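New to this one? Take a look at the sequence and the fold first, and then we'll walk through them together.

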Amino acid sequence: MKDELKPKDKVFAENIQTIRPFEFNENVAHVFDDMAERSIPFYKEVQKMVTSLALTYFQEGSTIYDLGSSTATTISLISQGLKDHNISDYKIRGIDSSEAMCREAETKLKSIDADMDKIRIEEGDLFDCPIENASVVIMNYTLQFIDPLKREKLVQHIYKGLRHNGILLISDKTLQSNTDTSRIFIENYYDKKRKNGYSELEISQKREALENVLVPYSVREEVALFRNCGFEAVDMFFTWYNFSSFICIKKNDQVGDL
Ligand SMILES: C[S@@+](CC[C@H](N)C(=O)[O-])C[C@H]1O[C@@H](n2cnc3c(N)ncnc32)[C@H](O)[C@@H]1O
């Protein structure tokens, strides 16, 4: 859909008396594409990088998983990429606990004429999703919403379901190790949101709604988590202030440098 036709995110535009914890409900799902593009720095660029890496590491006959697939933006780009490369021996599974997001995903995939014999969007919890025969697992901006006490279990589960040389591509908001740096990075981030058309009210109300719902790790904690769960090669492929993306490879013969 062209940018100017996308429904605009006005979820926090009006003054809200009691701010409730943020949810991926119907109101959010309907405007999610606009929200993501205006709230996540370089969202479209990261999507392109994720697609390119996914196509590079994809192994014939395997499954690509997108955990927290939201409106299937990533799945749409990857399915288009596979078609462009004449690759037909694949499966794609998108999993999301929000029914509204799954509906938006189905609509988007149908609108681009994606091969629905090979793609399945499932409404459910990531912890209940078997991961089998995977060469690529994507988890963009979703781990940050998972209870920190359960993150290790989830990443171990992903590692187990990956083939040798399979990858986990993961993006998250991050904390900095120094409080001054954290403050300065967050200020730059809010500046970007202002430039993208969000008001002070929208920025502050959303911040309050996300409190204790989005729990970021530092880059060091994220990398330690991936390594502890078995990933032998961990590298960052994108970073902008308090956002970073990582590629984690299941490989026994190489040690990364991060
Ligand atoms: C920020 S969005 C992900 C954005 C998406 N990956 C993209 O790149 O456009 C986080 C998604 O994770 C889903 N989610 C959060 N916790 C989940 C869980 N435990 N199981 C399944 N889905 C979950 C939410 O419903 C939401 O759609």
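## A helix between two strands

Let's start with one piece of the chain: strand 2, helix 4 (residues 99-111) and strand 3 form a β-α-β unit, and the unit is right-handed. Keep in mind as you look around that this is a predicted model.

The two strands of that unit also pair up. Strand 2 covers residues 91-96 and strand 3 covers residues 119-123, and they run in the parallel sense, joined over 5 bridges. If you want a spot to zoom in on, find isoleucine 95, which has glutamate 122 of strand 3 opposite.

## The whole chain

Now zoom out. In total, the protein chain has 8 helices and 8 strands. Its C-alpha atoms fit a box of roughly 50 × 45 × 30 Å along the principal axes.

How does the radius of gyration fit a compact globule? For 258 residues, such a globule would be near 18 Å, and the protein chain has 18 Å, so the two agree. Of the 258 residues, 36% are buried. As for contacts with a separation of 6 or more, 78% of them link residues 24 or more positions apart.

## Around the ligand

Which residues come nearest to the ligand? Among the 19 residues around it, they are Phe24, Gly68, Ser97, Ser98 and Asn140. Two elements give two or more residues each to this shell: helix 3 (73-84) and strand 2. So strand 2 turns up again here, after its part in the β-α-β unit.

Sorted by class, the shell holds 8 nonpolar, 9 polar and 2 charged residues.

Terms used. Residues are numbered from 1 along each chain as its sequence is written. This is a predicted model: local features need pLDDT of at least 70, side-chain atom pairs count only at pLDDT 80 or more; totals for chains, interfaces and linings use all residues. Helices (H or I, at least four residues) and strands (E, at least two) are DSSP runs, numbered from the N terminus. The radius of gyration is taken over C-alpha atoms; the globule rule is 2.2 Å times the number of residues to the power 0.38. A residue is buried if 20 or more other C-beta atoms lie within 10 Å of its own, exposed if 12 or fewer, and partly exposed in between; C-beta atoms are placed from the backbone. Two residues are in contact if their C-beta atoms, placed from the backbone, lie within 7 Å. Two strands pair if DSSP finds at least two bridges between them. A crossover is right-handed if, with the strands pointing away from the viewer, the path from the first strand over the helix to the second runs clockwise. A residue is near a molecule or strand if its C-beta atom, placed from the backbone, lies within 6 Å of it. Ala, Val, Leu, Ile, Met, Phe, Trp, Tyr, Cys and Pro count as nonpolar, Asp, Glu, Lys and Arg as charged, and the others, Gly among them, as polar.
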